[in-house]
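This report introduces one protein structure to a reader who has not seen it before. Please look over the sequence and the fold before reading on.

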Amino acid sequence: MQPPSQPNPHVPELWRTDAGGDSVAVLDIPGLNGRARVFDVDATLLVNVPADAAGAWLELTVEFDGQRQWNRRIPAHNPGQTDGLDYHQRLRLEAEQGVRVRAVARLKGVRVRQLLLEAREET
């Protein structure tokens, strides 16, 4: 006969911020005593593109503790609809290590509809 299994007391962390129409989103993930963690970090920028979007562009920059990890600028597409940029990276934090994740949108001729930043801990 096997002993009854113990439920896993560890619940994976989920850090999320929706900056809405703002152009900056920040997550402060604190250090955790006793164990390393691995996160899937995602940033999503969604913009409204006007019908007369000639010369319009959108740019997304992602930083970890002030160090640029990724940056991309593209011309706006889909006049009269939406356009966007997405970013994904896996991030390992050692025990007691925290991190500040920041997503910054820069724009010309478009308007931020949503700027979402999320970090999901792997199980």
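The text below goes from the chain as a whole to its strands and then to one loop residue.

**The chain as a whole**

The model is predicted. The protein chain holds eight strands and zero helices, so its elements, read from the N terminus on, run β-β-β-β-β-β-β-β under the DSSP assignment of runs. Along the principal axes, the C-alpha trace of the protein chain spans about 70 × 35 × 20 Å. The radius of gyration of the protein chain is 18 Å, whereas a compact globule of 123 residues would have a value near 14 Å.

Of the 123 residues in the protein chain, 37% are buried. The accessible surface of the protein chain amounts to about 7,500 Å², and carbon and sulfur atoms account for 46% of that surface. The protein chain carries 15 positive and 17 negative charges, and the mean positions of these two sets lie 5 Å apart. Taking the contacts between residues at least 6 apart in sequence, 76% join residues at least 24 apart.

**Strands β2, β4 and β7**

Strand β2 covers residues 24–29. One face of β2 is covered and consists of Ala25, Leu27 and Ile29. The other face of β2, made of Val24, Val26 and Asp28, is uncovered.

Which strand is joined to β2 by six bridges? That strand is β7, residues 99–108, and the two run antiparallel. Two residues of the covered face of β2, Leu27 and Ile29, have partners in β7: leucine 27 is bridged to valine 101, and isoleucine 29 stands opposite valine 99.

Strand β7 also pairs with β4, in the antiparallel sense, over eight bridges. Within that pairing, leucine 60 has alanine 105 of β7 as its bridge partner. Strand β4 itself spans residues 57–64.

The table sets out the residue partners in β7.

| Residue | Partner in β7 |
|---|---|
| Leucine 27 | Valine 101 |
| Isoleucine 29 | Valine 99 |
| Leucine 60 | Alanine 105 |

**Aspartate 52**

Between β3 (37–48) and β4 (57–64) there is a loop, and aspartate 52 lies in it. Is aspartate 52 buried or exposed? Aspartate 52 counts as exposed because its relative accessibility is 67%, and the cut-off for exposed is over 50%.

Aspartate 52 can also be placed relative to glycine 80, a residue 28 positions away along the chain. The C-alpha atoms of aspartate 52 and glycine 80 are separated by 7.8 Å.

How values were computed. Residues numbered from 1 in each chain as written. Predicted model: local features only at pLDDT ≥ 70, side-chain atom pairs only at ≥ 80, totals over all residues. Heavy atoms only, no water. Helix = DSSP H or I, 4+ residues; strand = E, 2+ residues; numbered from the N terminus. Rg over C-alpha atoms; globule rule 2.2 N^0.38 Å. Buried < 20%, exposed > 50% of the residue type's maximum accessible area, 1.4 Å probe, protein only. Contact = heavy atoms within 4.5 Å. Areas by Shrake-Rupley, 256 points an atom, 1.4 Å probe, with all protein chains shown as cover. Lys, Arg positive; Asp, Glu negative; His and termini not counted. Charge placed at Lys NZ, Arg CZ, Asp CG, Glu CD. Pairing = 2+ DSSP bridges.
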